[in-house]
Amino acid sequence: MNALDTATSRGDQRRTALLGALDALLQDSTLEAINISEISRRAGVTRSAFYFYFENKAAAVAALMEQMYDDTAAAAAHLTGEGTPQERIEATIRGLFASWDRHEHLCRATLEARASSPAVRELWDADRESFVPVVAAMIEAERAAGRAPGGVPAPTLASVLLELNDRMLERVALGGPLGREELVEGVVAVWLRSIYGRTS
């Protein structure tokens with residue numbers, strides 16, 4: 001390994017250590033309560049090292065969001081899997097909840113950062129929009145097969161349904177009058193009615 005490779009590897013390790021420190025701190029505290037000195041100290045690097053990799057705490061949270069993206073992609077894969085429309089859609093929605101359970105502290109931090117950081121909002125929106133073609137393709141395939149009626153353009157419908165999922169996850173994070181099973185039942189019903197014109 002040459003000197004450049006060694007420096008790159010050491011830099012990757014520092015970045016990974018900073019993200020690991022932030023992830024660990026978020027399990028016991030809010031993003032607002034955590035300061036950059038605390039993250040740097042826990043990672044074993046200097047405060048200036050933090051700013052070499054991240055503009056601020058929100059940018060570091062955005063980097064951690066990549067973990068949630070992979071889980072969301074796995075949940076979306078259920079849409080084109082085996083089973084009835086209700087089974088596939090319910091598996092997708094439950095997959096999103098399972099992702100929430102695995103990354104609850106990170107989801108809360110992301111929502112907190114999204115409220116104050118345009119960069120995090122843009123990344124959140126871009127991640128959601130990246131699934132529009134996946135959902136739209138599923139809707140178009142169901143229409144072409146005669147299993148779903150025509151209607152508004154599939155990308156438009158897909159975008160609205162994904163916005164609904166966003167709102168559902170916010171409700172889980174912030175609390176509300178509906179429990180988890182009620183949210184699942186309601187969101188699945190909206191997806192089924194919107195795509196298939198029925199709820200079963």
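The buried residues of helix α9 are covered by a set of elements that includes α5 (85–102), α6, α7, α8 (132–144) and α10 (180–196). In this predicted model, the buried positions of α9 are A154, L157, A158, S159, L161, L162, N165, D166, M168, L169, E170 and A173. The helix has 21 residues and reaches 30 Å from its first C-alpha to its last, which is close to the 30 Å expected at 1.5 Å a residue. After α9 comes G175, a residue whose phi is positive, near 90°.

Within α9, which covers residues 154–174, one position that can be described in some detail is D166. With a relative accessible area of 11%, D166 counts as buried because the cut-off for that class is under 20%. Its side chain makes a polar contact of 2.8 Å with the side chain of R128. When neighbours within four places in sequence are left aside, the residues in contact with D166 are R114, W124 and R128.

D166 also belongs to the surroundings of an internal space. The count of cavities of 30 Å³ or more comes to one, and about 450 Å³ of space lies in the largest cavity. The lining of the largest cavity consists of 24 residues, and those nearest its centre are T72, L96, W124, D166 and L169. At least two lining residues come from each of α4, α5, α6, α7 and α9, and the largest share, six residues, is supplied by α4.

A further residue, S37, lies in helix α2 and offers a second case of a side-chain polar contact. S37 has a relative accessible area of 30% and is therefore partly exposed, since this value falls between the limits of 20% and 50%. The side chains of S37 and R47 are joined by a polar contact of 2.9 Å. S37 and A21 are 16 residues apart along the chain, and their C-alpha atoms are separated by 11 Å. The two side-chain polar contacts are set out below.

| Side-chain pair | Polar contact distance |
|---|---|
| D166 and R128 | 2.8 Å |
| S37 and R47 | 2.9 Å |

Turning to the nonpolar packing, the largest nonpolar core holds 32 residues, of which L22, L26 and I39 touch the most other members. Two or more residues of this core are given by each of α1 (3–26), α2 (36–43), α3 (47–53), α4 (57–76), α6 (104–116) and α7 (118–129). Among these elements α4 gives the most, with eight residues. Not counting residues up to four places away in sequence, L22 touches L31, I34, I39, K57, A60, V61 and L64. A second core, separate from this one, has 29 residues and includes F131, V135, A136 and Y196.

For the protein chain as a whole, the model contains ten helices and zero strands, and the C-alpha trace spans about 60 × 45 × 25 Å along its principal axes. Of the 200 residues in the chain, 42% count as buried. Among contacts between residues at least 6 apart in sequence, 65% join residues that are at least 24 apart.

Conventions
Residues numbered from 1 in each chain as written. Predicted model: local features only at pLDDT ≥ 70, side-chain atom pairs only at ≥ 80, totals over all residues. Heavy atoms only, no water. Helix = DSSP H or I, 4+ residues; strand = E, 2+ residues; numbered from the N terminus. Buried < 20%, exposed > 50% of the residue type's maximum accessible area, 1.4 Å probe, protein only. Polar contact = N/O pair within 3.5 Å; in protein donor to acceptor, adjacent residues only side chain to side chain. Contact = heavy atoms within 4.5 Å. Core = buried A, V, L, I, M, F, W, Y, C linked by side-chain atoms within 4.5 Å. Expected span 1.5 Å × (residues − 1). 1 Å grid on protein atoms, 1.4 Å probe; cavity = no way out; pocket = protein on both sides within 12 Å on 5 of 7 lines; lining within 4 Å. Points joined across faces, edges and corners; volume = space filled by probe spheres on them.
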